[in-house]
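Colleague: Before I rely on the labels attached to this model, I would like to hear the reasoning behind some of them. Could you take me through it?

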Amino acid sequence: MGFQMQPYGVQALLKEGHRHLSGLDEAVLKNIDACKQLSTITRTSLGPNGMNKMVINHLDKLFVTNDAVTIVNELEVQHPAAKILVLAGKAQQEEIGDGANLTISFAGELLQNAEELIRNGMHPSEIISGYTKASNKATEILAELIENGSETMDVRNKDEVVSRIKSAVASKQFGQEDILCPLIADACIQVCPKNPANFNVDNVRVAKLLGGGLHNSTIVRGMVLKSDAVGSIKRMEKAKIAVFASGVDTSATETKGTVLIQSAEQLENYAKTEEAKVEELIKAVADSGAKVIVSGGAVGEMALHFCERYKIMVLKISSKFELRRFCRTTGSVALLKLSQPNPDELGYADSVSVEEIGGVRVTIVKNEEGGNSVATIVLRGSTDSILDDLERAIDDGVNSYKALCRDSRIVPGAAATEIELADRLKEFSRKETGLDQYAISKFAESFEMVPKTLAENAGLNAMEIIASLYAEHAAGNARVGIDLEGGVCKDVATMNVWDLYVTKYFALKYAADAACTVLRVDQIIMAKQAGGPRREQPAGMDED
């Protein structure tokens, strides 16, 4: 029997099959490298001229988009350090709904600069302390750059809303923002509650219908259901609505029972009593004043026959999320079983009609009068991927509206803010003593990534642009940014490009936090992967 070497050190601690990486080269720099790769992917999609990525996920679904969150979600990033950046991007998306790309790219840039400092012999903890100081200073400076008078705004004034959400929409759909922004602004203003801080993003729906072009898009006050009415009645005006969650059908008994039928007459009577029962139920609904029945499940043939006889329109909504939204739009209460509804359980809609848009039959439920809580933007486009991308742009716009309902302050866009921050932070770093100053100066340099990327994506000479931006800002013009179409530097006020203060604030905060978290790691210890069959992801719910 051969003598077995006893493992020593870390090997003795952990099960075999583990991996243990430590030290600067193995852990820190590898982590930084992974994050750099991720930010290189998202960076080229930054800004209005950002390039699209074609991502095919594990289910063979194709995404063509420049929306950073969609890209990193579908990539299924495995590396633990890069996942931290992904989480920072997702946090930004959930907090503001825009600026996730800025967060991921900026964090990647911070880490790339940290790598240079580490290679020059600085310790990560010194870099972290410098970055923390710089991040605090940057948020102070950012607060000084806020445009005067922007803290008060009327969230129901369409022009003001459009000017604030324009940059968020343009970064996803450049060239279409003049069509999309008024649509989004109208829809948001329609559903904005009395206290704008309670604005709910879910109240602005998007219905994507193939065919036509973007200029055919419209807004419907109410809901658009992508299904036809069940019976032959296709239109109802000023209708009361009864909603039954479980379906409109004869109900089977709860327990199993056997019916003994001796003769043909008994069989006939049995069928007749069933018919009479269904008619009684439908008549009860009709007597309550309801002209439209909405069913959450199947609609039986016999029930449908009596609905037609009593001139009741029948809709079927199989998704329970849609059913909830429908109840919210019409103010109805979903009843569990088919019975006579009370007057206060009935909803109301001005018109329920089936229309054909681009070869697809849709049911449009309109509520023109006030008290309207859902608006739907009907998007038209030539392909599915274009529609998906337009939907993401609208999503960003609506989320920005929600953010500006809470805090409407704005800062100059078009990279003007970033250059000003870089300029002021460099001054700040010269006043610092100790090793922090190098980290602060690198933090300042990282801001150059934004104008540089914007210029590169637009095919301009980045070096010239950054130099002329610095020159303008040094002369005291803090509001000069890049005019991407003309390829020159211009005052933002003339171009009307503004960014929300909260977007920048959180992007900065999350990026700095993510970068510091990655830098704090000095060892990676991975246990052996558990054996056994791979766990499949749980089957997805419907879109919501």
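Colleague: How do you know that the length of helix α7 agrees with its number of residues?

Modeller: This is a predicted model, and in it α7 has 13 residues, 158-170, which at 1.5 Å a residue should span 18 Å; the end C-alpha atoms are 17 Å apart, so the two values agree. The helix has a kink of about 35°, centred on arginine 164.

Colleague: What covers the buried residues of α7?

Modeller: The buried residues include Val161, Arg164 and Ile165, and what covers the buried residues of the helix includes α8, α12, β13 and β16.

Colleague: Why is the pair of glutamate 144 and arginine 424 called a salt bridge?

Modeller: The closest N and O atoms of the pair are 2.7 Å apart, and the cut-off is 4 Å, so the pair qualifies. Glutamate 144 lies in helix α6 and arginine 424 in helix α13, so the pair ties together parts that are 280 residues apart in sequence.

Colleague: Why is glutamate 144 called exposed?

Modeller: Its relative accessible area is 52%, and exposed means over 50%, so glutamate 144 earns the word. Arginine 424, at 27%, is partly exposed.

Colleague: What makes aspartate 483 count as buried, when lysine 490 counts as partly exposed?

Modeller: Aspartate 483 has a relative accessible area of 12%, and buried means under 20%, so the label follows. Lysine 490 is at 37%, which is between the limits of 20% and 50% and therefore partly exposed. These two residues form a salt bridge, with the closest N and O atoms 3.3 Å apart.

How values were computed:
Residues numbered from 1 in each chain as written. Predicted model: local features only at pLDDT ≥ 70, side-chain atom pairs only at ≥ 80, totals over all residues. Heavy atoms only, no water. Helix = DSSP H or I, 4+ residues; strand = E, 2+ residues; numbered from the N terminus. Expected span 1.5 Å × (residues − 1). Bend = angle between axes of the 7 residues up to and from the residue. Buried < 20%, exposed > 50% of the residue type's maximum accessible area, 1.4 Å probe, protein only. Contact = heavy atoms within 4.5 Å. Salt bridge = Lys/Arg side-chain N within 4 Å of Asp/Glu carboxyl O.
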